[in-house]
Amino acid sequence: MRIGILAPPWIPVPPPSYGGTESVVHTLAAGLAEEGHDVVLAASSDSTCPVPRVPGFPESSELSMDSGRQEILHVLRAYEAMGDVDIIHDHTLLGPLCQRSMQDIPRVTTLHGPFDEDLTRIYRAMQRETALVAISHHQASTSRDVKIAAVIHHGIDVRGVRYSPSHNGAACFLGRMHPNKGLLQAIMVARQAGIPLRIGAKMREPFELDYFHDVIEPLLGPDVEYLGELASAEKYRLLGESVALLNPIQWPEPFGMVMIEALAAGTPIVATRRGSAPEIISDGETGFLADSLQGLAEALQGCSWLRRSDCRRAAEQRFSSQRMVREYLRFYSELLAGSPRAAENRAAAGF
């Protein structure tokens, strides 16, 4: 199968540090190629994903993330180069809307964002042009009259993550410097539990910097340490060393890559019962779900009793890149079987 994949233009594939969508695109493209499929990727020119790429794109550093014109040019150039593929998998917002006519080439779009008011309008317009894939059952349940063709959880290449059978007694937080991610609550929970907390967080945008200086920085101390924004190897080292990942999210997050990354390292998760967390965490086995700061603190204290091997096994069985690739290939095949091209081929063969 020849598969065209579109990544957003703003961050390289794979991302050097923070970038959940780009991590998923990289894992999927590399996994499809490993299965023997012919993959062509449209991404910024500083991407290093080991599959053939559409030429002519600028580096991500040359782009401004608020430029609609740059994103339109990105998706138009990508679609122009994909006239010979069997199926297109688009991870952008503008692609399905800018390029409405693709003759008989089926298209898939993975919905990486929440069904808020603005994105719901965009997704509703998209569904006329492309099959929509949700990334969790909770996200799909909030779709509000948008047709979801499939639910496929993200996966990671667990083979590339070192399993850590032991920990150093400290908890960790990974994400970005935003109130919705629950860093303030994580600090409060760790202190209530009497467990040190180490923080790795993206902090580049003005709002993120303001939040850090106004809210988080005054709370730092010997028991709460901010390590900065971590590269991939540093991130997995932190996860593997930690007794638990604290993930007290304050919004219904559609997925949450950091949770499956923690499981791959053998690290349990303590999270609020929101968004996709109940789909990822087996409560009492690979972590704990709680609804209050007191409940989260008690859960964090209990994580040292969980079997880290169960966390790793969950990542291998439920959130591996191989599982994600298999499910997308099955979905691609279903779309191709119902495409006009397939119908023409069946008619030509006398079926």
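Is Phe-212 buried or exposed? In this predicted model, Phe-212 turns out to be buried, with a relative accessible area of 6%. That sits under the 20% cut-off, so the residue counts as buried.

Phe-212 doesn't sit there without a partner. A search of the whole structure turns up four aromatic pairs, and one of them joins Phe-212 to Tyr-226. The two rings are tilted, with 45 degrees between their planes and 5.1 Å from centre to centre. Along the chain the partners are 14 residues apart, and the pair links distant parts of it: Phe-212 belongs to helix 7 (residues 206–216), while Tyr-226 belongs to strand 9 (residues 224–228). Tyr-226 is partly exposed, with a relative accessible area of 22%.

Another aromatic pair brings together Phe-255 and Phe-319. This one is edge-to-face, with 70 degrees between the planes and 6.4 Å between the centres. Here the partners are 64 residues apart, and both come from loops. Phe-255 is in the loop between strand 10 (244–247) and helix 9, and Phe-319 is in the loop between helix 12 (308–318) and helix 13 (321–337). Both Phe-255 and Phe-319 are buried.

Next comes helix 9 itself, which covers residues 257–265. Nine of its nine residues are buried, so the helix is largely enclosed by the rest of the structure. The list includes Met-257, Val-258, Met-259, Ile-260 and Leu-263, and Glu-261 is on it as well. Right after the helix comes Gly-266, which has a positive phi, near 90 degrees.

What about the nonpolar core? The largest one has 55 residues, and the members that touch the most others are Leu-32, Leu-41 and Tyr-332. Helix 9 shows up again here: it supplies the largest share of this core, eight residues. A separate core of 30 residues lies apart from it, with Met-177, Ala-186, Ala-190 and Tyr-211 among its members.

Leu-32 gives a handy view of who meets whom. Setting aside neighbours within four places in sequence, Leu-32 is in contact with Ile-3, Ile-5, His-37, Val-39, Val-325, Leu-329 and Tyr-332. Tyr-332, then, is one of the contacts of Leu-32, and both residues are among those touching the most other members of the largest core.

One last detail involves a charge and a ring. The charged end of Lys-235 sits over the ring of Tyr-236, 5.1 Å from the ring's centre.

How values were computed. Residues are numbered from 1 along each chain as its sequence is written. This is a predicted model: local features need pLDDT of at least 70, side-chain atom pairs count only at pLDDT 80 or more; totals for chains, interfaces and linings use all residues. Side-chain values use heavy atoms; hydrogens and water are left out. Buried means under 20% relative accessible area, exposed over 50%, partly exposed in between (1.4 Å probe, protein chains only). Helices (H or I, at least four residues) and strands (E, at least two) are DSSP runs, numbered from the N terminus. A nonpolar core is a set of buried Ala, Val, Leu, Ile, Met, Phe, Trp, Tyr and Cys residues joined through side-chain atoms within 4.5 Å. Contact means heavy atoms within 4.5 Å. Rings of Phe, Tyr and Trp (its six-membered ring) pair if their centres lie within 6.5 Å; planes under 30 degrees apart count as stacked, over 60 as edge-to-face and the rest as tilted. A charge sits over a ring if NZ of Lys or CZ of Arg is within 6 Å of the ring centre and within 35 degrees of the ring normal.
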